[in-house]
Amino acid sequence: MSIAAIVTDIEGTTSSIAFVKDVLFPYARQHLREFVCAHEAQPDVQQCLQQTQALLLTEGREASSTDELIDALLCWIDEDRKATPLKTLQGMIWQRGYQQGDYQAHMYADATAALRDWSQHLPLYVYSSGSVQAQQLFFAHSCDGDLLPLFSGHFDTRIGAKQDVASYQHIAAELQNEHAVGAGNILFLSDIEAELDAAAGAGLQTVLVCRADVPQTSRHRVVQSFAEIDLALL
Ligand SMILES: CSCCC(=O)C(=O)COP(=O)(O)O
Ligand SMILES: [Mg+2]
């Protein structure tokens with residue numbers, strides 16, 4: 001079936017895991033307490049704190065102060081929890097780092113080249129656990145320049161978790177509305193098999209992007225570089 005739209009993951013797919021784990025997460029960890037304390041009165045930060053408390057309550061825990069909420073958020077960074085309020089706050093914190101030139105987002109050269117090429121004839125979307133703001137900052141401040149104009153839109157955990165079939169059903173419904181594209185004509189790219197399993201469960205086509213160790217077997221087509229993805233052959 002021909003490909004009419006592409007949705008890509010970021011970490012481990014367009015970009016290295018090391019940049020996210022060794023640069024972005026530590027930066028957010030270092031600045032989280034100071035950022036939340038300085039901006040606590042802001043409605044968007046307030047909403048993140050309320051959502052954090054609500055998630056703690058679902059686990060039978062309760063924070064009794066902003067400091068305790070921040071402690072919980074710091075633990076979630078260490079656990080790499082894909083919790084929406086944490087991801088939203090991380091995006092807000094990373095903004096200053098990008099603007100100050102503290103870092104630029106890593107891109108694999110093959111991913112940049114393919115995205116530039118595909119964007120000329122297909123709508124491209126991002127689906128990442130990083131918030132939409134974090135995704136936009138990432139591609140606007142990449143080591144290959146401003147790549148944000150290549151994308152038609154972004155999805156984050158507000159549409160659902162990346163390992164849930166329902167998330168991809170919602171994405172397919174949005175692309176059907178926007179571009180009259182059916183689920184079977186959407187290609188999802190990721191480095192995580194469980195995400196691809198969920199996407200395939202919603203009828204999307206899938207490619208596993210393995211930057212390092214290629215598995216012996218996979219339920220998905222496997223590539224090591226975007227340069228190996230021939231849309232005409234899918
Ligand atoms: C927008 S860059 C930061 C990505 C992020 O926060 C993360 O947790 C990685 O998620 P992904 O879904 O891109 O693997
Ligand atoms: Mg990934």
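# Two domains around one ligand

Good morning. The shell around ligand 1 is built from both parts of the chain, with at least three residues from domain 1 (5–16 + 106–233) and at least three from domain 2 (19–100). Please keep in mind that the model is predicted. I shall begin with the ligand, continue with the domains and the sheet, and end with two loop residues.

Which residues come nearest to ligand 1? Of the 16 residues around the ligand, these are Ile10, Glu11, Ser128, Ser129 and Gly130. Three helices, α1 (17–39), α4 (84–100) and α6 (132–140), each contribute at least two residues to the shell. The largest share, three residues, belongs to α6. In chemical character, the shell around ligand 1 holds five nonpolar, six polar and five charged residues.

Let me turn to the domains themselves. The chain is divided into domain 1 (5–16 + 106–233) and domain 2 (19–100). Their centres, taken over C-alpha atoms, are separated by 25 Å. On the domain 1 side, 15 residues take part in the contact, and on the domain 2 side, 12 residues do so. The side of domain 1 that touches domain 2 consists of three nonpolar, nine polar and three charged residues.

One residue deserves attention here, namely Gly91, which is found in helix α4. Is Gly91 buried or exposed? With 21 other C-beta atoms within 10 Å, against a threshold of 20 or more, Gly91 is buried. Leaving aside residues up to four places away in sequence, Gly91 touches Gly130, Ser131, Gln133, Ala134 and Leu137. Gly91 and Gly130 are 39 residues apart along the chain, yet 7.3 Å separate their C-alpha atoms. Gly130, as I said, is one of the residues that come nearest to ligand 1.

I now move to the sheet. Six strands form an open sheet with parallel pairing, in the order β3-β2-β1-β4-β5-β6. Why is one side of β3 (153–155) and of β6 (221–223) left without a neighbour in the sheet? Both strands stand at the edges and each has a single partner strand, so one side of each remains without a neighbour. From one strand to the next, the twist averages 25°.

Consider strand β1 first. Four bridges join β1 (residues 5–8) to β4 (residues 186–190), and the two strands run parallel. Within this pair, Ala5 stands opposite Ile186, and Thr8 stands opposite Leu189. Towards β2 (residues 124–127), β1 makes three bridges, again in parallel. There, Val7 has Tyr125 as its bridge partner. Both faces of β1 are covered, with Ala5 and Val7 buried on one side and Ile6 and Thr8 buried on the other.

What packs against β1 and β2? The buried residues of helix α5 do so. In α5 (residues 109–118), these are Ala111, Thr112, Ala114, Leu115 and Trp118. As a reminder of helix geometry, an α-helix has 3.6 residues a turn, so residues three or four places apart point the same way.

Next comes the pair of β4 and β5. Four bridges join these two strands, which run parallel. Leu189, already mentioned as standing opposite Thr8, has Val207 as its bridge partner in β5. Strand β5 is mostly covered, as five of its five residues are buried. Gln205, Val207 and Val209 lie on one side of β5, and Thr206 and Leu208 on the other. Helix α8 (residues 193–201) lies across β4 and β5 (205–209), and runs at about 175° to β5.

Finally, I should mention two residues with backbone angles worth noting. Asp80 has a positive phi of about 55° although it is not a glycine. Where is Asp80 placed? Asp80 sits in the loop between α3 (66–79) and α4. Asp80 is exposed, with 12 other C-beta atoms within 10 Å. Ala180, also not a glycine, likewise has a positive phi of about 55°. Ala180 is found in the loop between α7 (165–179) and β4. Ala180 counts as exposed, because 9 C-beta neighbours inside 10 Å fall within the limit of 12 or fewer.

To close, ligand 1 has a shell drawn from both domain 1 and domain 2, and a parallel sheet of six strands includes β1, β4 and β5. Thank you for your attention.

Technical notes
Residues numbered from 1 in each chain as written. Chains lettered and ligands numbered in written order. Predicted model: local features only at pLDDT ≥ 70, side-chain atom pairs only at ≥ 80, totals over all residues. Near = placed C-beta within 6 Å. Nonpolar A, V, L, I, M, F, W, Y, C, P; charged D, E, K, R; others polar. Domains from an automatic or database assignment. Pairing = 2+ DSSP bridges. Axes fitted to C-alpha atoms, helices over the stretch in contact; angles between N-to-C directions. Contact = placed C-beta atoms within 7 Å.
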